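User: I have a model open and want to go through it with you. Can you take short questions as they come?

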Amino acid sequence: MIDLESFRIDVEKFNSETNLEYYLNWSGQKDELKISKIYDKYSHLLDMKNVREIKQLRSKEKDGGETERRLRSLQAFVIEGLLGQNVKEYTDKAETVTAKQKIKVDSEVIPYRLAEVRYHNEDDREKRAKIFHARDRIIEEELNPILEERMEKLHGIARELGYDNYIELFRDAKNIDFENLDNAMTYFNERTESLYLDRMGEQLRKKVGVALNEAEKHDVAYILRAKEFDSYFTKDKVLTVLKRTLDGIGFDIAKHKNISIDLEERPRKNPRAFTALVKVPSDVRLVVMPKGGQDDYTSILHEAGHTLHFALVDPTLPIEYKWLGDLSVSETYAFLFEYLTLNRIWLDENISVKDLDKYLDFAYIYKLYYLRRYAGKLKYELLLHKSKGIKDMSEKYMKELEHSLTFKHPKSHYLTDTDDGFYSAQYLRAWIFEAQLRSKMAEKFGDKWFRNPQAGDFLAELWSSGQKYDAVELAQRIGFKGIDVKPVLVEITEHLA
Ligand SMILES: [Zn+2]
């Protein structure tokens, strides 16, 4: 039988070592990424036998009790780890394709990975389309055959573990009521349908000159890139803005010795901000390389939310609550900071955008698009993961995404545009719960909660429990019945109507 004490110690070491390895690679300090070596070292953790034994121990405990929830987190950890481990070669093969392939557009050679950045930034629609469709051919011909096999294998493991399908596996491990969430999002999409058609349609007509139902994915990528606001969100100001914001809620970062901000410019550093959990909570690193633009600000604020959450976890908690649990919770805190960029007072104080109404309109359309997109993704993933023939699902992908978003979606993206382990559902829960949490904070501390150290104390109290409670339980702890889509629905419709 599994020795839970030594198992937990190794889970912590495994997480810490993988995070450090990713940190070194992504921050540009180490060229090679040797994650598989760490997986080999801890292969005893990622064993089907462990899933069955933990599941069995769990079945003897009271549902929702301390022991049961800790076992559930461990079970989810092993499941995700062993799924990842078992499809490692496909993941590596797909990574190699994306790292090595190049596309050719009008005699220009563009590396596959750069192509996406290129079409987000390309003003010329014809050129944008060429890049997009050339990239698409690589997805179709090179990536999809690998990803189809990968998905078959993931589905097979779910059955081998005794579940009907991949959905049931994650329902059990993550304790998410997918149908309930899907229903809430169907309601959200219905209620925002005409608003979305109107406002997104208007953006596309004005900025690209096409109707929503004729627009392609690259047109939407281009308008959401929103270059026109870049000059307000300058590279040199972002850290001052972050520091001022955190000071406002009473967090002087310099005083938190367990938090470090990696600012160094290195040639191979990933420009996208990320949080490295080298040790929770004693060594949490916020890694940034500011490049400017509104998306840079939102991603740095987002990551700052993750960093603070993990850095303020009570160190005496068991590892399940410090490292594992429902990531919708950490994503909620990340969104709380990210969406300060939708707060008129915060914007006024921190970014002098000339036409604030125009910017806010854009930012809310962006948020609405995201929620509708993930609603469509969840619906599709619920079909994909119980399907018998994966190849037949490309049609369903197109149908669900176009139903949610109207503009054209290539069928070929039906496997590149999915998240492993229903992360899409966790994001949706975070979007929903963040609006609830924020409304609670506004009620307690006023609209300027981000300038009130008491709001910081309130958050610190929540953060101290790590991910012990899931998003539904946390919502209940702060006075709601559970997670409820209405606050985010009202916020968006009130702004855009
Ligand atoms: Zn996040």
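User: Which helix is Val238 found in?

Analyst: Val238 is in helix H11, residues 238–248. Helices here are DSSP runs of H or I with at least four residues, strands are E runs of at least two, and both are numbered from the N terminus. This is a predicted model, in which local features need pLDDT of at least 70 and side-chain atom pairs count only at pLDDT 80 or more, while totals for chains, interfaces and linings use all residues. Residues are numbered from 1 along each chain as its sequence is written.

User: Is Val238 buried or exposed?

Analyst: Val238 is buried, because 22 other C-beta atoms lie within 10 Å. The cut-offs are 20 or more other C-beta atoms within 10 Å of its own for buried, 12 or fewer for exposed, and partly exposed in between, with C-beta atoms placed from the backbone.

User: What does Val238 touch?

Analyst: Leaving out residues up to four places away in sequence, Val238 touches Pro290, Asp296, Tyr297 and Ile300. A contact means that the two C-beta atoms, placed from the backbone, lie within 7 Å.

User: And how far apart in space are Val238 and Ile483?

Analyst: They are 32 Å apart, C-alpha to C-alpha, with their positions 245 residues apart in sequence.

User: Different topic. What is the strand order in the open sheet of three?

Analyst: The order is E3-E5-E4, with mixed pairing. Strand E3 (259–262) and strand E4 (274–279) are at the edges with a single partner strand each, so one side of each has no neighbour in the sheet. The average twist from one strand to the next is 20 degrees. Two strands pair if DSSP finds at least two bridges between them.

User: How do E4 and E5 pair?

Analyst: E4 pairs with strand E5 (residues 283–287) in the antiparallel sense, over five bridges. One residue pair to look at is Thr275, whose bridge partner in E5 is Leu286.

User: Which helix packs on the sheet and touches E4 and E5?

Analyst: That is helix H1, residues 4–26, with a direction at about 140 degrees to that of E4. Helix H12 (residues 294–311) lies across E3, E4 and E5 and runs at about 175 degrees to E5. Axes are lines fitted to C-alpha atoms, for helices over the stretch in contact, and angles between N-to-C directions run from 0 to 180 degrees.

User: What sits in the loop between E4 and E5?

Analyst: Pro281 is in that loop. The peptide bond leading to Pro281 from Val280 is cis, with omega near 0 degrees. Most peptide bonds are trans, and most residues other than glycine have a negative phi.

User: Which residues other than glycine have a positive phi?

Analyst: Examples include Asp106, with phi near 45 degrees, and Phe422, with phi near 55 degrees. Asp106 is in the loop between strand E1 (102–105) and strand E2 (108–111). Phe422 is in the loop between H17 and helix H18 (423–445).

User: Are those two buried or exposed?

Analyst: Asp106 is exposed, because 8 other C-beta atoms lie within 10 Å. Phe422 has 25 C-beta neighbours inside 10 Å and therefore counts as buried.

User: Where is the kink in H7?

Analyst: Helix H7 (residues 125–160) has a kink of about 50 degrees at Leu143, shortly before the proline Pro145. The bend at a residue is the angle between axes fitted to the seven residues ending there and the seven starting there. Gly162 follows H7 and has a positive phi, near 95 degrees.

User: Now the core. How many residues are in the largest nonpolar one?

Analyst: It has 126 residues, and Val78 and Leu428 have the most contacts inside it. Helix H16 (residues 356–384) gives the most to this core, with 12 residues. Another core of six residues lies apart from it, including Ile103 and Tyr119. A nonpolar core is a set of buried Ala, Val, Leu, Ile, Met, Phe, Trp, Tyr and Cys residues joined through C-beta atoms within 7 Å.

User: How many helices and strands does the protein have?

Analyst: There are 21 helices and five strands. Buried residues are 41% of the 497 residues.
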